[in-house]
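Reader: I have a sequence and a model on my screen. Can we go through them with short questions and short answers?

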Amino acid sequence: MAFVTSAGTLNKRDESTRKMLAERADFIGAIRLPGGKNGAFKENAGTEVTTDIIFLQKNENKTPDLEKEAWIAIGETANGLPVNSYFAENPDMVLGTIVEGNKLYGSGTMVIAEDGFDWKSALHDAVGRLSAEISSEKTKEVYARSVDGIAVKIPSDLRNYSFFEQDDQIFFKRKENVCHRVYEKDSSQFERAKAFITLRDTTRELLEAQELDKPDSVIQELQAKLNTVYDNFYEKYGLLHSQSNKRYFSDDISYNLVAGLEKKFDKNKLEEKSDIFTKRTIQPPKAVEHVETALEALTLSVAETAGVDFDYMSKLTGMTKAELKKDLIGEIYKIPHTENTYQTASEYLSGDIRQKLMVAEEAASYDSDFNINVNTLKNAMPEPLKAGDIDVKIGATWLDPKYYEQFLYETLQTPRSNRSDLNHFAWQRARLITAEYSEHTGSWHINNKNQDNSVISRQQYGSRHMNAYEIMEHLLNLKEPKVYKTIEVPDGMGDTKEKRVVDIDATRVVQKKAEKLKESFKKWIFQDPERREAIVEKYNALFNSVRPREYDGSQLSFPMMNADIQLHDHQKNAIAHAMFGGNTLFAHSVGAGKTFEMIATAMESKRLGLCTKSMFAVPNHLTEQIGDDFQKLYPSANILVATKKDFQKENRQQLFAKIATGNFDAVIIGHSQLGMIPISKERQENMIQSQIDDIVSGIEELKRSEGSKFQIKAMERTKKSLEKNLDKLQKSHDDTITFEQLGVDKLFVDEAHECTTRS
């Protein structure tokens, strides 16, 4: 067996995991893949982590001698860097260069690859250096042993978390070679369970026949069989949706699929069977083998390969790559600084156009082929906004602090000795009234607020309780200025105590002054032509560079979807958006079909290799309903649906274990369950340490440049708080399954406005 894991598995100082593996399997070898900007998983997973492929051979009868298992220990490279002993002895199994890395956890080393390093070829060579003796003799049939001690032969094609019958007994398979007995033959529920298993397997058999596009005669024969099997079950045991049948069979992973055979029912009476009894609900896709034009080929390429695939388009058209490029001028664009990556016009001419234009202009300076990119991007640039279109409010963090200072100096007629825009001796700088913003704390601060006690500051724009500079600081931080006073109140013991309360009259005065400052700022900000031009230019650069992409899902084929359900155009476009546009909000009105959009997005994304396992977090009371909708749209989908039982504390970890160990198309859980899944301790530590490192660098930079004491103190407080959190995290011990271990790589949140989860 082989599995991919982070380098921490072999590099951790704690040897317990490696010892556990060594007790159950023989170590064949390992290959360390590079991380960093040229990392193995940088392109498809967006991570720069160093990873290992570990190869083991199961050996349940092993008598371990841990002292001889050298790979358990940590050794050193020739340069003295700590690394797993196996890699120290076999440096050719490291695809890259071992360098010092994050010392927060593990050995503190990572592997990087140089630009242009062909790690895929290196991986192929490294696999060839592995050696393991694998017997060519056919092994005996493998029998599992149930928790009751009974030898059981589990059907090889049976899904995990399913009932099955053997030797007049009903068992429940939890995972590979693990099961337990549920009913014996003399149990009152034995025949019911046997009938359910037959119904489930017949349903699966019919779906598989449709997927394989078997002849109508085969489909009709299986439909007749399914009708008979269902009718017998219904006559004896009632609706599959009944509380009793749900109680007995809801643990089966296929329960929602089988229950979907009942299209309509009222209380305990069936009103209508589902379409699968009489129609083909799955129409296998018929591959297009030829198209006439390059544009038709491009449309199919995006739908079937999720991108511009010249080899695929050449097969469809018989055209060469050069001919395709010529015919698709204006429809596709080469991406600068890539070997041969192209994007469609809808993708390339959307997003941050200004940033793309800068990159294209740089590329065009040495390659004239990119002039077409430059010209097209210029035409795609959003229309520049004018000053009248922009509303600049006090507190906007994108505005240079010098403008807030200028406003105060001109409006309040700040004394020359307190203005930072004039020349001063070094000893005079301590009295300057300046405004500054701390990105680390997200707050504004005005230095030396009380240096100016003029009539304008204390009366015209302020009061005796709060001067104009203090009011301005409140406005910058988006807070209403309030004045407090101390009063005496009874302490309940016959005496009095002091209490701080809002001085309503004084507060009303300073809030009127605040409104006066706001009005003055609004008039002032665009008065000066030079200032207006600079601010408008910066605003356009920051906030008016993005052109939304228009998505066309008309060519998506949706194979394996229920043939009787037809998606609307707006649903197809939304699905294309979610598949190719990254994070997406389905902001349709009620009844527009958002549930089917999510489901189809998940299944199409998996089909095209854009994800492997999707997770749906939905309101707790809707998990089973969404599961029904999923099986309705994709009858053959392999999904896991959380039930009411799974919401109970004692069952929560079992649910997460099912998710982690199952090869599901999708899993459906409740909002509250999502909040119970932590991210890994290593990731949390890494995130916090990264924040601390950034703050330390910021403090050092400010000290070198004799920066603001306010910012330094604010950053030191933030650093102290983060260090406290990190220390608490490092001392914690939790064996809970983490989000990373679930294998989920696409997340859908239904009714997102109701989900307060922060996981």
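Reader: Is F543 buried, partly exposed or exposed?
Author: A caution comes with every value here, as this is a predicted model. Buried means under 20% relative accessible area, and exposed means over 50%. F543 has a relative accessible area of 46%, so the residue falls between the two cut-offs and is partly exposed.

Reader: How many aromatic pairs are there?
Author: Rings pair if their centres lie within 6.5 Å. By this rule the count is 25 aromatic pairs.

Reader: How is the pair of W398 and F543 classed?
Author: A pair of aromatic rings is described by the distance of the centres and the angle of the planes. For W398 and F543 the centres are 5.8 Å apart and the planes stand at 75°. An angle over 60 degrees counts as edge-to-face. The W398 and F543 pair is therefore edge-to-face.

Reader: How far apart in sequence are the parts that the pair of W398 and F543 ties together?
Author: W398 sits in the loop between helix 15 (371–380) and helix 16 (401–412). F543 belongs to helix 20 (residues 529–543). The pair therefore ties together parts separated in sequence by 145 residues.

Reader: Is W398 buried or exposed?
Author: The cut-off for buried is under 20% relative accessible area. W398 has 15%, so this residue is buried.

Reader: And how is the pair of F425 and W427 classed?
Author: The ring centres of F425 and W427 are 6.3 Å apart. Their planes meet at 5°. Planes under 30 degrees apart count as stacked. So the F425 and W427 pair is stacked.

Reader: Are F425 and W427 buried or exposed?
Author: F425 has a relative accessibility of 57%. W427 has 61%. The cut-off for exposed is over 50%, so F425 and W427 both count as exposed.

Reader: Which residues do ring pairs link into a cluster?
Author: Ring pairs can join up into a cluster, as they do here. The members are Y404, F407, Y437, W444, F521 and W524.

Reader: How many disulfides does the structure hold?
Author: A disulfide is a covalent bond between the sulfur atoms of two cysteines. Two cysteines can still be placed by their accessibility: C179, at 0%, is buried, and C611, at 4%, is buried as well. The number of disulfides is 0.

Reader: Which residues does K518 touch, beyond those up to four places away in sequence?
Author: K518 is in helix 19 (residues 504–524). Its relative accessible area is 39%, so K518 is partly exposed. Its C-alpha lies 9.0 Å from that of M472, which is 46 residues away in sequence. The residues K518 touches are I394 and L475.

Reader: Which residues is A303 in contact with, leaving aside neighbours within four places in sequence?
Author: A303 is part of helix 10 (residues 294–305). At 2% relative accessibility, A303 is buried. Its contacts are Q555, L556, R607 and L608.

Reader: What separates the C-alpha atoms of A303 and F370?
Author: Along the chain, A303 and F370 are 67 residues apart. In space, their C-alpha atoms are separated by 27 Å.

Reader: What is the phi of N448?
Author: Most residues other than glycine have a negative phi. N448 is in the loop between strand 19 (443–446) and helix 17 (455–460), and with a relative accessible area of 27% N448 is partly exposed. N448 is not a glycine, yet its phi is positive, at about 55°.

Reader: What is the phi of M560?
Author: M560 lies in the loop between strand 22 (546–547) and helix 21 (569–580). M560 is partly exposed, at 25% relative accessible area. M560 is not a glycine, yet its phi is positive, at about 75°.

Reader: What share of the chain counts as buried?
Author: The chain holds 27 helices and 26 strands. Its C-alpha trace spans about 95 × 85 × 70 Å along the principal axes. Of its 759 residues, the buried share is 44%.

Reader: How far apart are the centres of the positive and negative side chains?
Author: The chain has 102 positive side chains and 117 negative ones. The centres of the two sets lie apart by 6 Å.

Key: Residues are numbered from 1 along each chain as its sequence is written. This is a predicted model: local features need pLDDT of at least 70, side-chain atom pairs count only at pLDDT 80 or more; totals for chains, interfaces and linings use all residues. Side-chain values use heavy atoms; hydrogens and water are left out. Helices (H or I, at least four residues) and strands (E, at least two) are DSSP runs, numbered from the N terminus. Buried means under 20% relative accessible area, exposed over 50%, partly exposed in between (1.4 Å probe, protein chains only). Lys and Arg count as positive and Asp and Glu as negative; His and the chain ends are not counted. The place of a charge is taken as NZ of Lys, CZ of Arg, CG of Asp or CD of Glu. Contact means heavy atoms within 4.5 Å. A disulfide is a pair of cysteine sulfur atoms within 2.5 Å. Rings of Phe, Tyr and Trp (its six-membered ring) pair if their centres lie within 6.5 Å; planes under 30 degrees apart count as stacked, over 60 as edge-to-face and the rest as tilted.
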